[in-house]
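User: I am new to this structure and would like to understand how each label on it is justified. Could you take me through the reasoning step by step?

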Amino acid sequence: MIVTLGISQTLAWASSYYLPAVLADPIASRLGLPRASVFAAFSISLLIAAFAGPRLGRAIDRSGGRGVLAASNIVFAVGLVGLSAANGQISLFVAWAILGIGMALGLYDAGFATLTALYGPAARGPITGITLFAGFASTVSWPLSAFLIDQFGWRETCLVWAALNLIVGLPLNLLLLPTVRQPAHAQKPHAVSIGWKPRREMVLLAFVFAAGWFVTGAMAAHLPRLLERAGATPFEAVAAAALVGPAQVAARLVEFSILRRVHPLVSARIAAALHPIGVGIFAITGVAGSAVFVILYGAGNGLLTIARGTVPLALFGPHGYGERTGLLGAPARAAQAFAPLLFGLLLDAIGVSALFISAGLCLAALAALLCLRSKPTT
């Protein structure tokens, strides 16, 4: 199950979330649009995924995730074909809107909910397992997309990713995932929605994930530029930024082998603390500490990704898990959507000192996590 979902999740991330980093420039150049238009369309897709998350989570709670994940591959393929045919701003935005629906259907929230429907309270290990696979999504997406663009062009690259969703992703999700007709912890078909209950814990967790995903979106868009602003050469900046992926996977291996013996809140608190520690070291050492800063940020982000799936399970149990993670994910996706623009403005206004804002957000998230009890709440 971990291998099946791990591969399908890697493909889902590689063929959607990570595409703009490589496709933005050729798309903007070919369509005669500013690069910002491509990222604006991408931001809208994240907002669509945020709004669709809770309803899809409830569907997975009732009947498992096989149908939802299989549908994601079809929607991804349709969106990618539409993107390959885009000839202007409107068609570009429509294609990314479809991909936003696909991201709601097929990324981590749906995968985590699927595992919880299958394994209930024992889903922590499988959740960590699929993040180990999908941690390499950017490692797969960026080089492969760059190669395909050089060989064939960006439109053909979109078609290749669409074909992979239909040839690889769809059979994996449709044929290898079991059908969960009614998990023991599922809601009854006409049960009242759980919503934001218990309110205090849900609001605190929503803030934690929104703060964390704002930092993730900001670093994903601006990390090399930020390091250059601090005095690194372009080569040094790119080399240091490349450490994010290995740091994420290394931290997830630590979670899988060591931290799984402790409550997920412990992992989440460590995750929230690592970025501020890295910022402090970077502030003291400057460019000489850039690699340490990047490694600590990457490790924190890797742990926080797992915490997004495991902390709600530990605090609230498996009942209504899909709906809860959808609700908790909505503010996080919205924060992630606006992070590149807002952090870019901060970077232009106050330079590298913008890192103190991101560190402050993580410290606030740590404070919120310290207010949560480890005893499950229903």
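**Labels and the values behind them**

Analyst: Glu 323 is buried, because its relative accessible area is 0% and the label applies under 20%. Please keep in mind throughout that this is a predicted model.

User: What makes the contact between Glu 323 and Arg 58 a salt bridge?

Analyst: The side chains of Glu 323 and Arg 58 come to 3.4 Å, N to O, and since the cut-off is within 4 Å, the pair qualifies as a salt bridge. Glu 323 belongs to helix H15 (residues 321-350) and Arg 58 to helix H3, so this pair ties together parts that are 265 residues apart in sequence.

User: Why is the pair Asp 25 and Arg 35 also called a salt bridge?

Analyst: The closest N and O atoms of Asp 25 and Arg 35 are 2.6 Å apart, and because the rule asks for a distance within 4 Å, the name applies here too. Asp 25 sits in helix H2 (residues 20-31) and Arg 35 in helix H3 (residues 35-63), with their positions 10 residues apart in the chain.

User: How do you know whether Asp 25 and Arg 35 are buried, exposed or partly exposed?

Analyst: Asp 25 has a relative accessibility of 45%, and Arg 35 has 41%. Buried requires under 20% and exposed over 50%, so a value in between is called partly exposed, and that is the label for Asp 25 as well as for Arg 35.

User: Which residues join Asp 109 in a network of salt bridges?

Analyst: Asp 109 forms a salt bridge with Arg 333, the closest N and O atoms being 3.7 Å apart. This pair links Asp 109 in helix H6 (residues 108-119) with Arg 333 in helix H15, 224 residues apart. Salt bridges with shared partners join Asp 109, Arg 308 and Arg 333 into one network. Both Asp 109 and Arg 333 are buried. By the same distance rule, the count of salt bridges comes to eight.

User: Why does Cys 371 not form a disulfide with Cys 362?

Analyst: The closest cysteine sulfur to that of Cys 371 is in Cys 362, and it lies 16 Å away, which is too far for a bond, because a disulfide needs the two sulfur atoms within 2.5 Å. A search of the whole structure finds zero disulfides. Cys 371 is partly exposed at 40% relative accessible area, whereas Cys 158 is buried at 0%.

User: How do you know that the length of helix H14 agrees with its number of residues?

Analyst: Helix H14 (residues 290-316) has 27 residues, which should span 39 Å at 1.5 Å a residue, and its end C-alpha atoms are 38 Å apart, so the two values agree. The helix nevertheless bends by about 40° at Ala 307. H14 is mostly covered, with 24 of its 27 residues buried, and Gly 317, with a positive phi near 85°, follows it.

User: Where does helix H10 bend, and by how much?

Analyst: H10 bends by about 70° at His 222, with a proline, Pro 224, following within four residues. Helix H10 (residues 199-229) has 31 residues and reaches 41 Å from its first C-alpha to its last, close to the 45 Å expected.

User: Which residues touch the most other members of the largest nonpolar core?

Analyst: Among them are Trp 13, Leu 23, Ile 27 and Trp 96, in a core of 56 residues. Leaving aside neighbours within four places in sequence, Ile 27 is in contact with Val 38, Leu 83, Leu 92 and Trp 154. A second, separate core of 30 residues includes Ala 307 and Leu 315.

Conventions. Residues are numbered from 1 along each chain as its sequence is written. This is a predicted model: local features need pLDDT of at least 70, side-chain atom pairs count only at pLDDT 80 or more; totals for chains, interfaces and linings use all residues. Side-chain values use heavy atoms; hydrogens and water are left out. Helices (H or I, at least four residues) and strands (E, at least two) are DSSP runs, numbered from the N terminus. Buried means under 20% relative accessible area, exposed over 50%, partly exposed in between (1.4 Å probe, protein chains only). The expected span of a helix is 1.5 Å times one less than its number of residues. The bend at a residue is the angle between axes fitted to the seven residues ending there and the seven starting there. A nonpolar core is a set of buried Ala, Val, Leu, Ile, Met, Phe, Trp, Tyr and Cys residues joined through side-chain atoms within 4.5 Å. Contact means heavy atoms within 4.5 Å.
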